[in-house]
Every structure is written in structure tokens, then in C-alpha cells.
Amino acid sequence: MSIIYETRSQKIFKVFNYCILTLFGLSTIYPFYYFFILSFNDGLDAMKGGIYFLPRVFTLDNYFKAFQNPNIINSFSISIFRTVVGTLISLILTSILAYGLTKKDLPFRRGIIFYFFFTTVFSGGLIPFYILLRDLHLTKSIWIYIVPYLFVFLYMIIMRTFFEAIPIELSEAAIIDGCDDIQIYWKIYLPLSLPVMATIALFYGVMHWNDWFTGVFYVANKKMIPSSTLLQLLMTEATFEESGGAGHEMMGLRVSNTTPEALRMTFLVITTLPIVCVYPFFQKFFVKGVMVGSVKG
Amino acid sequence: MLDVKSQYNMMKIKPNKKSIWKRMWHYKFIYLFILPALIWYFIFMYVPMYGISLAFKELRFDKGYLGSPWVGTFYFMQFINYPDFWKLIYNTFAISGLKILFGFPAPIMLALMLNEIKKTSFKRVIQTVSYLPYFVSWVVVIALFSKFLTPNGGAVNDAKIALFGGEPIFFLNEKAFFYPLVILTDIWKNVGWSSIIYLAALSNVSLELYEAAMMDGAGKIKSMLHITLPSLAPTITIMFILTIGTLMRAGIDQIYLLQNPGVLDIAEILDTHVVKQGLIRGQYSYATAVGLFQSIVCLIIVMITNTVSKKVSDVSLW
């Protein structure tokens, strides 16, 4: 083992590196933390400004108001529905597709892959897509949030690369035992694929949870919008009538100090918190997944 | 008479003599697995491509889509003669060009810096934290930035007044700040995630190379130039080709959310133009023509970049 001495300039570089990276790390967390503490702060008090590290006037009022608001509750149920159902369907369909494409001597395999790949370099554009959705009557149905978003080419490639790494001897042994492809997929590949399934589930899930565009432009019925769309609409609205404007008065008595701004913050925290809590657990999986999928794909 | 080894090798080669139909039947369940995707891609990807023909038709609701009259390049001409045509092109290329100029090297630098960190716990924490902006939506990102930059008690203005005095700056409304803001938010959101690929490539470089270089007296800079960057070159090239493909699409989510009357002059890009004229104002044929224009230029750019890359190095998308 060789001992490598650090020169003075190397030491300075190291300190510099750590400092910059720490600043960078803080810059990614602090904005979220800021909204987090503000959501626990009394709305009217927050308007005075100057809160940076801890809530000044702690209150759970904003959260109470948020969870009582029918629009917010409704949007969450839609978001949860589309994330759970959409992710599940996409996971199943993408994985069987990926498994199918691992068969190297499948007739027309190259054509089929090009058929999928081509859509990533050329597309029909926004308007034909929208017109199609309208003609399929999806714009009036809740399935508009799921059906047009079933497949992502990249995720299929990541899955396929993972499947290709599973030793072929396992399926050969299964064939000798008389299994057909469906059983091989179900009994062998699927149980071994937990890491990549978790990763792709995260990817599809985040895609569904964060999509605000569909609800704004493709959906006519504004009662049928997910939380991300509602958040966008709230952020651009000057007033938010349902919360009663600045503070809420009933019979001359202040019932709550939840301002529209406070409600926005609270809603943002509620919308963001699930993702923030979930993704670190998948980090090990998706780092490996992206690495494997892109190096080989 | 060939030697034993060659004879053995010859016996091992069994060409697949099955006819193509027999093989398809053998893989019948596989085709079943692929079928949903084939259908879905046909409906949601290829049918809209046919829908591009709408750009050449004048959509009449009474005649329906198929019966609408052919108007040829009428809407393309309308687009090219649109007063802000050149402004749209300029804005689109300026934004996506600047994003590539600053946003492409950023994850590489982050990966290089993280690669130098020996303390794995610190490295992992920074990595985890760096993905956070990627996983939230643009609505959240822009809400965060708006709150910090607002003249009414936003943290940045508070600090600025405390340190330098004067009036608060309306960052989001000022043209001068718009492009920097677009680039900054884009980097903030994507740098952590994009660095994953580069870190993966870097982790494949054997440490012995660095040690050998150090023995030969190479400093940090020299070893980075001669070991690190060449190892990253294939990854960088592929990522670059993929990124260049976005030159025509400057980011509909982000730009649409950041637009306001104060900056509209430099903030209107092709994507937002399509959304506004098409989805909001219902000018379907016109918006389709604009979208087609975008898609074709995109395709050409990607094809050129891919060909150039194939000639210059071994690396290409196809």
C-alpha cells in the first residue's frame, strides 16, 4: 500500500470542495424547510415576515383548515387514485413488455424496438395528442390521468437491462420442467426483480403525482383535478375565496388566522411531503437502476 | 481432416433451422406480452403523428376531421409571417441554448466534486439531498423560488435590503433576471439527478490508474485531464446527443409557470405559443403546424448530432 501525502494545495482544494458541496446541499433543503416551518406558523403573523429558522407562532390551524377544505381533499383522492392505479398498471405492462424484449431471437425484434424507440425522437405534438384524447372521450373521464401515460420507453429499457442480467440457466431449467413463458415470467423473473420494480414504481409514481399539466389543459371539469393541478391554480390565484380571505371571522370573532398564503404553503407541504419521505428509501435502487440501464441501454 | 478441437467446435454450432412461423408460434406468449404496448403506442404515439396532417387542413367542425378541406402550407405561411416569429425562434433557442451551456456541465462538475469526497457518509447525504428538487414538480420549485424572490418579505430581498439598502427588486418581473432565473432553477432542479450517470461512470475508473499517475508525478489537474475526463467521454457524448435533442423544446412546464406580463417579450417560446394558440384559443391547425415545425427541426438536429458523433468517435445513439 502506498502512502499518498497530501500537499498544501490538495488540502485547500479538499476544504473548498466540502464547503461548496455543503452549501449546495443546504440550498436544496432549506427552501423546503422554510415552507415547512411557515406552514406551522400562524398565517397573519407570517405576513409580517422575518421567519427563517423556526415557527414564531406555532399553530396547527393551517392544517386543520387544509384538511377540511373539500377541494383539497377531492384533489388528493384523485392524485392518490391515479398514482396507485396508474403505477400498478404501468408496472405490470412495462415489465411484461421488458421481459418479452429480452428474447434475442424473437422474430421482428429489431423492428419492434425501433417502433418504440422512434417515438422518443419524433412525436405528433401537443395538439394532435389533445384532439385524440378528446375524440376518445377521455377528457371527460378520470381515466385521462392514467391511460395516456402507460408507457415510458426509458423505464422499459431499464427493466429489460435488469432482466437480461438474470442468468438464462434459470429459465432453461424451467423450460425443461415444462414451464411456458408466462410461468417463467411469473415464477422466476418477477420475484427476482424487486429492486427494479421498486425503482420503476417510484419513477411512474412520481410522474403521476407531479403531473399538473393534464389537469389544467386536457380536463374540462375543474372538479376532477389532482392535487398538483390544484396547487398550480392556487399559486396563480390572487385570492382564495373558500378560506375566507385574510383570516376568518364568524360573528365578529376571529375563528382562524389562516391566510390564503398560509394555506398555499400548507398545501404545498402536504403535496410534497409524501415524495420527500419516500424517495430516500429507494435511492440505492434507482441509482443502480439508472446506472445499469444507461450504461448498457 | 481437421484437428479434434475444430471438429468439436463445428459440432457445437447448430443454426436455428426453425422457420419464422415456427419461431413466432414458439414465442406466442411473448407476443402476447408485447401486444398491449404495441397497441398503446399505436394509439397514443402513432395516431397523433397522423394527426399532424391537421396542420395542412382547415378544421371544419361540421365536416369533421377527415372531411376538412386541404389547405396545404397555409398555416405554415401564417406561422412564418407571424410578427413575433423570429422572436419566438430566438427566445426558444436562447433559453435552451443557455440551459445547455450552463446546465450541461453542471452535473459533470458536481459528479467530479462528489467523486473527490472520501467520506462516504457525507457523500451519500449530499447525494440524497441533491435529488430532492428533481422529485418534486415544477409547480413546487417555482413556488419556492417565487416566495424567496418576492418583494414582499422574500428572504432574498430582505437580505439585500439589510446588506445594501434600497428598494426591493421584483426579480420575477424583471427581464434582466429572467434568463438567469430559468437557468438557475433548471440547474437546481436537475443537477443532482443528472449527476448520477456521471458518478456511475466515474466509479468505474480503476483507482490504480490514479495511483500510477500520482507515482509519475501527475498533479490533480493533470490526472483529471488525462484519466477522469477521457473515461467520462463516452457518457458525456451520449448525454450530449440526448440533450441536443431538446434544443427546440425549451421546457414548457417551467417556462409556462414562470411567465408573467413583465417578461413575456423574452419568455414566449414555441411550446408556450402552441399551448396558447392551440389549447387555449383553439387554433388547432395553426398550433399543429407550429408543433410539426418543432418536431422536424428536433429530429434533424438529433440526426445530425448522431451522425457527427458516429464519425468523430465510436459513440452514438444508433
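1. Start with the make-up of the second largest pocket in this predicted model: its lining residues split into 19 nonpolar, 14 polar and five charged. The space inside comes to about 1,200 Å³.

2. As for who sits where, 38 residues line the second largest pocket, and those closest to its centre are Met235(A) and Glu261(A) from one chain plus Ser146(B), Lys147(B) and Thr150(B) from the other. On the chain A side, helix 1 (8–39), helix 2 (43–46), helix 12 (227–236) and helix 13 (260–296) each give two or more residues to the lining. On the chain B side, helix 9 (138–149) and helix 14 (252–258) do likewise. Helix 9 of chain B has the largest share, with five residues.

3. Two of those central residues are worth a second look. Lys147(B) and Glu261(A) pair up in a salt bridge, with 3.1 Å between the closest N and O atoms. How many salt bridges does the rule find across the interface of chain A and chain B? Just one. Polar contacts between the two chains add up to 19 residue pairs, counting residues at pLDDT 80 or more.

4. Helix 1 of chain A turns up again here: with 18 residues, it gives the most to the side of chain A that touches chain B. By class, that side has 68 nonpolar, 17 polar and six charged residues.

5. Now the interface as a whole. Contacts link 91 residues of chain A with 86 residues of chain B. The two chains bury about 8,200 Å² between them, and carbon and sulfur atoms account for 79% of that area.

Key: Residues numbered from 1 in each chain as written. Chains lettered and ligands numbered in written order. Predicted model: local features only at pLDDT ≥ 70, side-chain atom pairs only at ≥ 80, totals over all residues. Heavy atoms only, no water. 1 Å grid on protein atoms, 1.4 Å probe; cavity = no way out; pocket = protein on both sides within 12 Å on 5 of 7 lines; lining within 4 Å. Points joined across faces, edges and corners; volume = space filled by probe spheres on them. Helix = DSSP H or I, 4+ residues; strand = E, 2+ residues; numbered from the N terminus. Nonpolar A, V, L, I, M, F, W, Y, C, P; charged D, E, K, R; others polar. Contact = heavy atoms within 4.5 Å. Buried area = accessible area lost by both parts, 1.4 Å probe. Salt bridge = Lys/Arg side-chain N within 4 Å of Asp/Glu carboxyl O. Polar contact = N/O pair within 3.5 Å; in protein donor to acceptor, adjacent residues only side chain to side chain.
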